[in-house]
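I opened this notebook to record what I looked up in one structure, entry by entry. The topics are strand pairing, enclosed space and aromatic rings.

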Amino acid sequence: MTDPSPNDYLQQRIIAHLKPLYPDCDQHDLADRIVAAFWNKPDQIIDRAEIQGKHLWDETEIALITYGSSIRHGDEKPLQTLHQFLGNRVGDAISAVHILPFFPFSSDDGFSVIDYLAVDPDLGDWSDISAIADDYRLMADLVINHGSSRSDWFQQFLSDEAPGNRYFVTADPASDLGAVVRPRSHPLLTAYETNAGTQHVWTTFSPDQVDFDFRNPDLLLEFIRIIAFYIQSGVRIFRIDAIAFLWKTIGTSSINLDETHEVVRLLRTLMDHHRESLIILTETNVPNHENLTYFGNQNEAHVIYNFSLPPLLVHALLTGESLYLKRLTRSNPPALQGCAYLNFTASHDGIGLRPTEGVLPEAELGQMLSTLQSFGGRISMRRGPGGTEKPYEVNISYFEAMQGTIDGPDAHQIPRFMAAMAIMLALEGIPAIYIHSLLATPNGYEEVNRTGRNRSINRRELELEALEARLDDPNSVEAQVFDQFKSLIKKRKLQTAFHPNAVQFTLTLPEGLFGIWRQSLDRAQSIFAVTNVTNQIKPLSLGDINLIAGSHWWDIISGESMPDIDAQIELAPYQTVWITNAPAPQ
């Protein structure tokens, strides 16, 4: 008996995913339609079963997160301006670029998509997207949970016309919706007048962001065609937005449901059998134990966000105590082969607080929030069980969050900020840097006043000429942060012990010091990455980190040698050392 062909094997796997999702449909026919929708040519289907557990990245993988319009220059299309800025100023410091939604949209700065197959003409066109994809691994958002109320599909829904009239979730307001987990404080259902009468549409994030109904397999096919088009246009990393809320079932929490995980597994199967090397990143801003489930059994997301890192890192640097940060690094399991964490400190959203639930005591959380508010931050709320409101995220520039400590502002803002970045860069996983962190952008109060949205505080649009003038001024804050960032990244990319899947062990050090040990996959290089998280000088006993005798140890950041492995060194406030046994570059 001969083994099944790759195509037969692939169809069997697709059908296995479809059975729990669509038990009443012809799964063989649907699988055939999925294959036809996803692969434009037969030679794009390859047997990728052997890649299970292999890494699609190395220590040089560093992503930049940006809006297409984060930098503007006169009448030039912002995507062209961004591309030129990356080439002229950032260069090979990064390997991947996450361009936040660049489609026509009606709200939420791109996350209410009107047309998934078009580029917002204010930004540029598909040739501009493809040009960036030629130079960097391109990440794009698949805004899969919801679309714009101004989209053609929703206009069809309002007119009771196919296919849109079957693409959105509706519910009776009298239904049992009390268990639904909410990321916002507005009502879950929004009433719309349609040709079929009043319909109450599920709107998880805003009345303009109407939730799709993936119980309809035709809608799944629509998104598979969209993914195929993005691949054709150069996208190689898919950030699947708000995926945790995808599948809705009355009487449940409607978050992280089994069907949602099955959809992710289906997408993983498709991408693993494509000729291109494709990566799934799931965006699930939920408590850490829920977030970890999106790795599945090496069969769901290739990469998940380390959502707990931004708030716990802020807490450590505001208080000078790293207990909760250490608990995170000790409790996060090593990512299995073929999987990785995405480490970040800031993004277009705020500093998420859901990952602190059950981690930070209420008093500690309250103290942190009060401090960040005193630094100009805003608090966004979500609706909890019983209609109560809870803090959902802090909206603040990460650079401004580092103004001082819980005792108030001080003179250590830049060293404190760079300490946060150095810790993030050293951790197991792939680093992702928000453009406004790279550029030390301050809080955007004018933007908040203009839009009325807290999140606008960290979504500023910068003028290229003024930005470059600041970057050319060595005394400016922007230039100091940008230059230190690039120097740190350049040194990091040379270290095999910083491979996203290299061994990580949290060191037991005196309070005020946070440290990890990283070891390369071949065990040839060790790095002891230690940061003083306080505004006081702290002694570090090299004996406490067990440097192995017989090796030459030196600090990658300063270049200083450590000839006496039992010596004690002093770390300045917020200083980081990366002590390694690898030969220094000549």
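How many bridges join strand 9 to strand 10, and do they run parallel or antiparallel? I was working on a predicted model, and in it I found four bridges between strand 9 and strand 10 (residues 279-282), with the two strands running parallel. As one example of this pairing, I noted that I240 has T282 in strand 10 as its bridge partner.

I then turned to strand 4 (residues 137-143), which is joined to strand 9 by six bridges, again in a parallel arrangement. Here I noted L138, which stands opposite V235 of strand 9.

Next I asked how strand 9 (residues 235-241) sits with respect to solvent, and found that seven of its seven residues are buried. I also followed the connection to its neighbour: strand 9, helix 7 (residues 258-272) and strand 10 form a β-α-β unit, and the unit is right-handed.

My next entry concerns enclosed space. I counted six cavities of 30 Å³ or more, and the largest of them holds about 180 Å³. Its lining consists of 17 residues, with R184, F205, D241, E283 and D349 lying nearest the centre. Sorting the lining of this largest cavity by class, I obtained seven charged, five polar and five nonpolar residues.

For the second largest cavity I noted a volume of about 140 Å³. It is lined by 16 residues, and those closest to its centre are F307, F344, S347, D349 and G350, so that I met D349 in the central group of the largest cavity as well as in that of the second largest. The lining of the second largest cavity comprises six nonpolar, seven polar and three charged residues.

The last entry is on aromatic rings, for which I counted 32 pairs in the model. I looked at F102 and F103, whose ring centres are 4.5 Å apart and whose planes meet at 45°, so this pair is tilted. F102 is buried at a relative accessible area of 1%, and F103 is likewise buried, at 0%.

I then took W517 and F528, where the centres are 6.4 Å apart and the planes stand at 20°, which makes the pair stacked because planes under 30 degrees apart count as such. This pair links distant parts of the chain, with W517 in strand 21 (residues 513-519) and F528 in strand 22 (residues 526-532), 11 residues apart. I recorded W517 as partly exposed, with a relative accessible area of 22%, whereas F528 counts as buried at 6%.

Notes. Residues numbered from 1 in each chain as written. Predicted model: local features only at pLDDT ≥ 70, side-chain atom pairs only at ≥ 80, totals over all residues. Heavy atoms only, no water. Phe/Tyr/Trp six-rings, centres within 6.5 Å; stacked < 30°, edge-to-face > 60°. Buried < 20%, exposed > 50% of the residue type's maximum accessible area, 1.4 Å probe, protein only. Pairing = 2+ DSSP bridges. Right-handed = clockwise from strand over helix to strand, strands pointing away. 1 Å grid on protein atoms, 1.4 Å probe; cavity = no way out; pocket = protein on both sides within 12 Å on 5 of 7 lines; lining within 4 Å. Points joined across faces, edges and corners; volume = space filled by probe spheres on them. Nonpolar A, V, L, I, M, F, W, Y, C, P; charged D, E, K, R; others polar.
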